[in-house]
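Me: I want the terms tied to their cut-offs. Please show me the model, then take my questions.

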Amino acid sequence: MATDRTSLTSVEREKAAVFHSWSAQGSINPMMVRDAQGVYVTTEDGTTYLDFSSQLVNTNIGHQHPAVVAAIQDQAGRLTTIAPQHGYEARYHAAELILDHSFEGAAKVFFTNGGTEAVEHAVRMARLHTGRHKVLATYRSYHGATSTSINLTGDPRRWPNDLGTAGVVHVFGPFLYRSNFHATSEAEECARALEHLETTIHFEGPSAIAAIILETIPGTAGIMVPPPGYLAGVREICDRYGIIYIADEVMCGFGRAGSWFAYQLFDVKPDLVAFAKGVTSGYVPLGGVVINEAISATFQDRVYPGGLTYSGHPLACATAVATITAMENERLVEHAAEIGETVLRPGLDELASRHRVIGEVRGRGVFFALDLVTDRDSRAPLAPYGGSSPAMAELLGACAAERLLIFSNFNRVHVVPPCTISADEARDGLARLDRALATVDHHYTGA
Ligand SMILES: Cc1ncc(COP(=O)(O)O)c(C=O)c1O
């Protein structure tokens with residue numbers, strides 16, 4: 001029998017009926033959204049927020065881009081779905097556009113519903129292609145929430161899901177600010193991280209390792225831009241031992257770092273690239289894997305044992321075509337790079353000159369992190385790894401009071417607005433962040 005819910009508020013109905021991600025269900029208090037436009041999100045009570053988070057770092061062209069909304073409406077009127085074994089114009093067109101922006105020698109695209117499935121399939125392809133099982137990933141990483149992806153993930157969300165049987169070995173990537181290698185320069189950090197990687201390979205058995213997966217610029221884990229030479233070094237090591245190099249570009253791809261794919265900033269060619277999020281700006285769920293020639297050739301005569309009912313879904317693929325076309329026509333990738341260098345980086349550096357809690361500003365494009373500390377000398381984080389703190393809770397409360405949506409993780413806030421953000425909107429967001437940071441300056445205990 002249907003329950004009478006008329007006496008409930010909308011948030012009560014949401015909490016009663018919807019099971020939310022990554023949450024103790026009793027402790028959630030979701031913001032009820034009415035609509036969104038560009039870089040703004042408006043709640044049911046009419047409050048408008050500036051979106052410095054791009055939701056989950058995916059609305060790369062902002063909300064409700066008119067050309068993309070029109071393309072979705074048009075596609076819905078023509079063909080909403082078709083089984084994956086059939087061919088369809090929007091599907092091959094989306095694949096062609098993605099390949100056109102990919103590395104030289106990128107041969108095919110396998111479409112999934114999102115990022116975690118892209119990672120799962122990239123790893124499956126690498127394992128089948130090499131006939132090996134182990135995969136290397138970094139501790140400071142997030143690769144998704146399904147079985148293989150959550151085991152590849154380094155962050156603590158892996159812990160309750162990790163049975164120790166996934167064939168994953170974790171290593172430390174380069175991260176000078178919190179170096180695991182006692183390094184004092186980017187060059188030292190790079191050399192030592194590569195040495196550590198190669199030593200791990202020697203001790204794990206090179207002939208047992210199928211792939212290494214790296215977020216080109218790790219996202220949720222802290223936006224650590226790799227030092228010059230690191231990814232080229234990884235490529236060399238992979239070539240030496242016949243290991244597949246998988247770039248996870250789910251968060252850092254499609255304009256986020258001021259380039260179509262972040263690996264292009266480092267002049268390296270991965271073998272497989274996992275993508276999702278920005279490919280449709282999240283308007284319709286889509287992800288996928290860009291596959292190089294050699295791995296494509298493996299499955300030319302041999303059956304690939306994997307598939308999805310919605311692989312290459314017409315509505316999602318038409319959305320990708322419209323999104324990529326809008327990004328090209330409006331030069332949004334170039335715009336993201338320019339906003340990063342002319343407004344976000346100088347603006348965040350200026351905030352760091354006044355707020356001692358900002359230990360480090362790092363990133364590029366529309367992809368920046370503030371590493372927050374209680375002491376600049378010891379670099380003691382404002383919240384512990386894997387946890388929160390009253391200071392971080394205060395900061396997030398202050399951002400909400402400023403009507404600023406911001407991405408946070410442990411002791412960091414990430415400034416990750418849509419690629420479409422204007423200079424004035426970006427400055428407005430920085431001013432809101434400035435006022436929010438002022439409320440937590442008193443937590444700084446260092447000199
Ligand atoms: C780098 C990276 N890989 C994979 C994923 C998983 O993507 P999805 O949530 O679409 O499954 C994410 C999501 O945040 C991500 O940031």
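Reply: The questions below cover the ligand site, then the sheet and its helices.

This is a predicted model: local features need pLDDT of at least 70, side-chain atom pairs count only at pLDDT 80 or more, and totals for chains, interfaces and linings use all residues. Residues are numbered from 1 along each chain as its sequence is written, and side-chain values use heavy atoms, with hydrogens and water left out.

Me: What makes K277 a polar contact of the ligand?

Reply: A polar contact is a pair of N or O atoms within 3.5 Å. A polar side-chain atom of K277 lies 2.9 Å from a ligand oxygen. That meets the cut-off, so the term applies. The backbone contributes too: an N or O atom of G115 lies 2.8 Å from a ligand oxygen, and one of T116 lies 2.8 Å from a ligand oxygen.

Me: How much of the ligand's accessible area does the protein cover?

Reply: 81% of the 390 Å² that the ligand has on its own. The areas come from the Shrake-Rupley method with a 1.4 Å probe.

Me: Why do β8 and β9 count as paired strands?

Reply: Strands are DSSP runs of E, at least two residues long. Two of them pair if DSSP finds at least two bridges between them. β8 (residues 244-248) and β9 (residues 272-275) have 3 bridges, in the parallel sense, so they pair. I246 has L272 in β9 as its bridge partner.

Me: What makes β4 and β6 edge strands?

Reply: Each pairs on one side only. The 7 strands form an open sheet in the order β4-β10-β9-β8-β7-β5-β6, with mixed pairing.

Notes: A polar contact is a pair of N or O atoms within 3.5 Å; within protein, one must be able to donate a hydrogen and the other to accept it, and residues adjacent in sequence count only if both atoms are side-chain atoms. Helices (H or I, at least four residues) and strands (E, at least two) are DSSP runs, numbered from the N terminus.
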